[in-house]
Amino acid sequence: MTDIERSLILVKPDGYERGLTGEVLRRIEAKGYLLAALAVLSASREQLAAHYAEHEGKPFYEPLVEFMSSGPITAIVIEGQDCIKGFRSLAGATNPTEAAPGSIRGDLGRDWGAKVQKNIVHGSDSPESAAREIAIWFPAL
Ligand code: DAT
Ligand code: MG
């Protein structure tokens, strides 16, 4: 038995603009995870700096923050046993060219020649990251 877990998912501005928010939600629900919170919002610079603190100083950091500010995003908290690892598997590899077909990034993403990979979704990578990220996007939870 593993404990019920929560993960923070973002549908990024490319997913929003391409009308893929519903498709991402569909895959989350089809997998069997529950939706615990959902909000369409415009990310503030402060939220993005906190969310992506681990990447500060990397060559793709500024393009990443710029991209994540370029349009609406959808923040989602999902719930279910081992859903952090499970959603990372649904999302696929960071580079959408290499992401396996069947995954969100593999089926729906591609390289667009930008300085940052536009790969449709974010998913927390550990229980510690999930707790930290949920507090950034849903401080009331
Ligand atoms: P992930 O989103 O798979 O957890 P990450 O946390 O390492 O990947 O990076 C955050 C985002 O930054 C990622 O979704 C896309 C972008 N990114 C990461 N590495 C990159 C690189 N080498 N070149 C361009 N963009 C990159
Ligand atoms: Mg990451």
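Helices and strands are DSSP runs, a helix of at least four residues and a strand of at least two, numbered from the N terminus. With that naming in hand, I120 is found in the loop between α6 and β4. The structure described here is a predicted model, and a good place to begin a tour of it is this loop. I120 has a relative accessible area of 0% and is therefore buried, since buried means under 20%. Its backbone deserves a look too: the phi angle of I120 is near 75°, a positive value in a residue other than glycine.

The loop between α6 (104-108) and β4 also holds D111. With a relative accessible area of 33%, D111 is partly exposed. Along the chain, D111 and T97 are 14 residues apart, and their C-alpha atoms are separated by 6.2 Å. After the loop comes the strand itself. Strand β4 covers residues 121-123, and H122 has its place there. H122 counts as buried because its relative accessibility is 11%, under the 20% limit for that class. The side chain of H122 is joined to the side chain of H51 by a polar contact of 3.4 Å.

The ligand comes next. Ligand 1 takes up the space of the largest pocket. Around ligand 1 stand K12, Y52, H55, F60, L64, R88, T94, R105, K115, V116, Q117 and N119. Sorted by character, this shell divides into 4 nonpolar, 4 polar and 4 charged residues. Three pairs of atoms can be picked out on the structure. An N or O atom in the side chain of K12 is 2.9 Å from an oxygen atom of ligand 1. In the side chain of R105, an N or O atom is 3.1 Å from an oxygen atom of ligand 1. The backbone takes part as well, with an N or O atom of Q117 lying 3.1 Å from a nitrogen atom of ligand 1. Taken alone, ligand 1 exposes 520 Å², and the protein buries 75% of that area.

One residue of this shell, H55, leads on to K58. The side chains of H55 and K58 are joined by a polar contact of 2.9 Å. K58 lies in the loop between α3 (45-51) and α4 (61-68). Its relative accessibility is 34%, so K58 counts as partly exposed. A contrast with D111 can be followed by eye: K58 and A30 are 28 residues apart in sequence, and their C-alpha atoms are 35 Å apart in space.

Helix α2 spans residues 21-31 and includes R27. R27 has a relative accessibility of 14% and so counts as buried. A polar contact of 3.1 Å links the side chain of R27 with the side chain of D107.

A last stop is D82, in the loop between β3 (73-81) and α5 (83-91). D82 is not a glycine, yet its phi is positive, at about 60°. D82 counts as partly exposed because its relative accessibility is 37%. Positive phi values have thus been met at D82 and at I120, the former in a partly exposed residue and the latter in a buried one.

Note on methods: Residues numbered from 1 in each chain as written. Chains lettered and ligands numbered in written order. Predicted model: local features only at pLDDT ≥ 70, side-chain atom pairs only at ≥ 80, totals over all residues. Heavy atoms only, no water. Near = heavy atom within 4 Å. Polar contact = N/O pair within 3.5 Å; in protein donor to acceptor, adjacent residues only side chain to side chain. Areas by Shrake-Rupley, 256 points an atom, 1.4 Å probe, with all protein chains shown as cover. 1 Å grid on protein atoms, 1.4 Å probe; cavity = no way out; pocket = protein on both sides within 12 Å on 5 of 7 lines; lining within 4 Å. Sits in = over half its atoms within 2 Å of the grid points. Nonpolar A, V, L, I, M, F, W, Y, C, P; charged D, E, K, R; others polar. Buried < 20%, exposed > 50% of the residue type's maximum accessible area, 1.4 Å probe, protein only.
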